[in-house]
Amino acid sequence: MIWMIVGAVVALWFFHQLYWKRRDYPPGPLPLPLLGNALSIVSEYPGYAPLVRWKEQFGAIYTMWMGGIPVVTVADYDALHEMFVQDGEDYVDRANLSSTFTEIFRGGLLGVVETSGRLWREQRRFTLHTLRDFGLGKDAMQERILDETVHLLDLLEKESVETGTTSPIKHIEKSVASVINLVIFGYRFDEEHEHELLRNRELQDQLIASSKNPMLVLPIVLPQAKMIPYFNRLYDNVIKIRDEQFAFFENNIEKHRSRIDYSNDDCDDFCDAYLKEMERRKDEKDSTFHEKQFVNLCLDLWSAGVETTSMTMSWGIAQLLHHPEVQKKLHEEYDRVIGSDRLISMQDKNSLPYTTAYINELQRWSNIQPLNLLRKTTKDLTVRGMTIPSGTAVAPQVSVLLYDSEIFPDPLSFNPDRFIDESGKVKTIKQFLPFSIGKRACLGEGLARMELFLFFANLVHRFNITPKDPDSLPSLLKTLANVTKPAPFEAKLERRFAK
Ligand code: HEM
């Protein structure tokens, strides 16, 4: 008798796992109990292969399961446009899969990456508008980025001359972090301030190491566990790291506050602009502009902006070492169009189509976010005859488009010419969407595009870049991280023009 009951329970459980819980969503790969389809992604890291395979099997819209959570995945251009542009408001909210973690680490649903509703709208609009006023895409921003680019090139050259080679990744990360810090707080990580960046990096590493301990989940989901000293120590350690990370932003905000002049509208940086907006709205009921929100917004601009941009740049140097023929074509373009050792600026961009094609191909090939951030449906929907309930997590999986062999034949090979048309101009390919699509598309796209262009155009214009050892080129394997990351490598730089 007991075995019949056990058998019935097991059968019911399988019926629920394999059919019942999946019946309201678009079809997709069979999820494993508890793990969902996460194992396929992890075992075929960074996950492009299963995502592409499932598209071929189930079509443009399919459901994959991350643990017990269904994620409706959208993986073709027409469907992305239909859903995220034409019906953008239906998918405008962010899915938050771990609200308890957010509450503890951020002090609430704050910032811009994880938020939704009025707070997100006001903060995103203000941030985009303010970055534009500071010259995102205009001269003031270009001046800052060019200045930082020159610092970076000098540093790479100095190391290469002194030691014979340079290890570019760590210098690139510092430079990209300096640009974000210049925009937010008005200073770069020069010798006086470098220790702040180093400490931030240490804290980030410690946070990642602590969150790998599965025991940490207990005091987070069950506060009473903090009465046991071991769990209390684990929890306290994470809170200490968070507080020190926030203190970096809070100290900078305090310094700005102590010297700000609220009587005029001029702003030196984003922090000035934010504090003035806070002051303007101080009598507003439920204003979304307050210090805790600002600290979280700074954290978001840092975490969304630094790794993405610096890893794309690092992949770019690795690919130049693998493809001397690409470097040769870039040099020919600079010799023909620029014709001297002057700095290249955004004004030159339209005359340098091969440089743009190279950067496009770099972003396509490096495909740095295999799994995109998740959005959430704001109501019950029917798309192409399939139902998607309100509140379902939805992923605009642009990484699948970047590796679609019908749009980009032989997608894993690196070939900038695929972005050049018959007349030698840059080819627009609508499926090329590295910054995603719709209302939640990347907020830093303008800044990132400018950084990538100014960095690569000036780097390749100034130097011949060769491998340390021609028989041992950098690995192109993507290592496990938030975004796809190259393993450390070295390169030799030689000036193309005498000093
Ligand atoms: C090569 C560089 C970059 C790439 C490839 C990239 C890509 C992306 C992608 C794919 C998203 C997700 C959009 C979605 O939900 O579908 C995103 C969001 C975001 N990015 Fe970027 N990004 C880059 C650089 C930057 C920079 C430099 C900043 C900041 C200064 C930034 C700030 C953000 C923010 C704040 C969001 C969240 C937007 C929102 O939820 O409204 N990103 N980015």
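**A tour from Cys442 to the hairpin of strands 1 and 2**

Begin by selecting Cys442, which counts as partly exposed because its relative accessibility is 37% (buried means under 20% relative accessible area, exposed over 50%, partly exposed in between, with a 1.4 Å probe and protein chains only). The model is predicted, so local features need pLDDT of at least 70 and side-chain atom pairs count only at pLDDT 80 or more, while totals for chains, interfaces and linings use all residues. Residues are numbered from 1 along each chain as its sequence is written, and side-chain values use heavy atoms, with hydrogens and water left out.

Next, display the ligand: Cys442 (SG) is the single protein donor to its iron atom, 2.3 Å away (donors are N, O and S atoms within 2.8 Å of the metal, or 3.2 Å for Na, K and Ca). An unreviewed UniProt entry places the feature "binding site" at Cys442; such annotations may be inferred rather than shown by experiment.

Show the backbone to find Cys442 in the loop between helix 16 (398-402) and helix 17 (445-462) (helices are DSSP runs of H or I, at least four residues, and strands runs of E, at least two).

Move now to strand 1 (residues 61-66), which is largely enclosed by the rest of the structure, because 5 of its 6 residues are buried. Add strand 2 (residues 69-74), which pairs with strand 1 in the antiparallel sense over 6 bridges (pairing requires at least two DSSP bridges). Select Met64 to see Val71 of strand 2 opposite. Finish at Gly67, which takes a positive phi near 60° in this hairpin, where 2 residues lie between the strands.
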